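Student: Got a minute to go through this one with me? I'd like to start with the polar contacts.

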Amino acid sequence: GPNMGQWLKMYEASAFQKSKDAIQQSLEEKLLAGRKTDQISLVIAGTEESDNDLAREQPGQYQHITVMNPIKQPDLELLRDFVNVPQMDSKTNSADVFDALILTVAMIKDFVRHLKYEKRIRLYTTLNGEINWDNIEEVNEMIRAVGIQDYYYHYLLFISNHTRRLFVPPPKKITHNSCLGLNEAKNAGHDANPTVQRNLENFNKLIKDIPNSDIFDLSDAIEESRQFHKKEVRPTPVYRGYLSFGDSSRFPDTSLSISINMYARVMEAKVPSAKKWSSVSNVGDAKTDDGRESHQVVSESTYRIKGKENNNNNSKNNNGEYDEAYENDNKDEEEDNDGEVQEVEKSALEKAYRFGKNMVVVSEETEQYLKLKTDPSMTVIAIYPNKAFPPQLHMANVYTIVAGTDRPNFAAKAISAFAFALQKSSSVALVRYVSRANVPPKLAILKPCIDDNIEALYFTQVPFAEDYRDFTFNSLDKVITTSGKVITENHPLLPTQDARDAMSAFVKDMALKEPEPENEGKSYDEKTDEAIIDLEEIYNPHIWLSQKAMVARALNSAAPVPDLDPRLKEQFEPSPRLVTKNKENVENLKRALNVKKVDRTSKKSKYGVGMEQAVTDNLLPVDQVLDAQRLPESPVIKQEPQNEIRNFMNYETRDISMGQPISDFNAMINNRNEDLVSSAVEKMSSIITTLVTKSFGKRDYDKAYECLQVLRETAGKEDESEAFNIYMHRLKETCDPGNPDSRRKDFWDMLKEKKMTLISSEEAPDSQISPDEAKRFLEEEQPIRETIPPESADGDTGMSNEDLLAMME
């Protein structure tokens, strides 16, 4: 047609950019993979200059062909150079694509020689242009002799590649009638280009009898390059050894050992790890292969001790100066301790393990001696039914066990027989597994893997008894009150019948499979449904975004972080069909469960946790709490409200108030940032003494007993039994039960009635009180000076001035 030339020019520009994008995508994947066995070269036909070895050896031949790089592992410079390649003018700098192909085959032959590489060529061309097809048979024989497996993408540019890593699966093969350029010309209203047809026929002759050689459409190749692909890796055994039945060393006649190899089947894909990089690093010896600064960050550690107690670890910077943050953090500590600071070698330090509140030093020799000595092995311990190992007991990754190299035929038959036996009996085998010498053993189960032409075993790790955590949760159909009453209906925490019906309807309509189009809106069989989400086609958006961000910043240091691909967003959003179908069910659930949006602005906060106004109505007023804390001046003591909501409050405190002593005590005990157990026990003891001595008659005795009960229970669990027993002696002194005129003898009688005695050695391992001594403690009423334990080393008896005055009275 009259506009054929203009159309071809526009088409070539579009094909050039699309082909360039496909090659760039392949280069980026190889850079991110970082495999040393990925060796590539880029050859461009149609450049103004002629930069290749054959052109220099044969003047006038192989013109307008440029080799961008010799065959090597791709690097960032190659990617940057390729991105900046300009648009080629096919008429001004016309090049013979067939010459470029011959040049590429010669480069691969000279580089590979005797090495066992997988050799591939990718050619991108529009098939438009004059090509000298002489010696086509000789070139075909040369390609087969080199051992190249050709994937021909006949479009514009050309990649020569030999690698151990497979490319992505090729797109669909085109036919002569659907070749790129023919369809586009037809759609544009032009006649088919005879040059394109002739070149296509000759390319088909060239790739005859060459393994895996085909011609593909550019649009399919571009679409394939945009797809997400799984990482293909060379399988490497993680264990080579034997699967043993019985002890072959002790019972050689009744035991069996099968040679096996174990391979990883499922592995977690992790985000690439970052390394420290310094823009000011100037380490003289730290150079890259090309002589540039490596920007390496070198860390040095020194160990310092102060006095006989402190042992600090500090990192220096490259200039040998101590970190300013470390000096600021330890400034106050240094002022409090006038001991001399000394630097010590790492070899002078020993490991210490916490044993209760003490530290036990274990030398390196002792630690090595205590290690369990093991040998590599996998031994069957027992056979269990499948139900003995539910899915929640499966740990870590899944591995596949196949026959090993020792007597492979026998090993394959044995594994096959074992797999069929497990499948027939619906059983699994429990094994003890040691991967290498002196490694702690693991427990695992073997499950049968039987599929088309596959008879193997699956290996899955399971926990030991100490690893298992059995978490219990409140029942959904009943509520048990503090008094032990069981409530099954008409309770705010139990669902109503309307709520049950609404939830049942919602779950029933949450089908995870789409019906076929002809069955839309009708009842259908689930077996014929098409799954909404293919589990094997879900990709991690974090990894994708991290890789794209690295590529963008590598090409432009100021480039913004790219947006997430819409296809990745869709896979993490609910199906629009399910949302529409369940819209009414969701509204019914909201109405039945009385779901309301929480207005956070109306909440009042205390200790960083918000409380609604309705909760504060059940708590003490602020003025009463303040009055209760001023006990020496005020005779009124407010009772702590019995409010169950307070038990759910998660706040932190370093003191115990009179208004809510139990809540504050529990908060100190459960503090995750520091150990406040000893301080909490001491402060609670002081609170109990105050409640007893300042009580108006018997009014505060119940509250004091509740606090004492909580203190005793916690002390037994937190290795504070000795502190509790000492306090009980002091409390006995305060009550003075041997004195008939004692004003607090009634409280002691309450303790005797409720058998609130010392913590014995049967209740807590850290207690040194026998059960008989604990029993006699309540029965004896002699003066405290005859029974109280010795004072602490610092001479503190723990008695306040008010207690001494009360004794004097």
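Tutor: Sure, definition up front: a polar contact is a pair of N or O atoms within 3.5 Å; within protein, one must be able to donate a hydrogen and the other to accept it, and residues adjacent in sequence count only if both atoms are side-chain atoms. This is a predicted model, where local features need pLDDT of at least 70, side-chain atom pairs count only at pLDDT 80 or more, and totals for chains, interfaces and linings use all residues. Residues are numbered from 1 along each chain as its sequence is written, and side-chain values use heavy atoms, with hydrogens and water left out.

Student: OK, what does the side chain of serine 657 make a polar contact with?

Tutor: The side chain of aspartate 664, at 2.7 Å.

Student: And is serine 657 buried or exposed?

Tutor: Serine 657 counts as buried because its relative accessibility is 12% (buried is under 20% relative accessible area, exposed over 50%, partly exposed in between, with a 1.4 Å probe and protein chains only).

Student: Switching topic: what about cysteine 735, buried or exposed?

Tutor: Buried, at 0% relative accessibility.

Student: Which residues is cysteine 735 in contact with, leaving aside neighbours within four places in sequence?

Tutor: Val692, Ser742, Arg744, Lys745, Phe747 and Trp748, where contact means heavy atoms within 4.5 Å.

Student: How far is cysteine 735 from phenylalanine 747 in space?

Tutor: They are 7.2 Å apart, C-alpha to C-alpha, and twelve residues apart in sequence.
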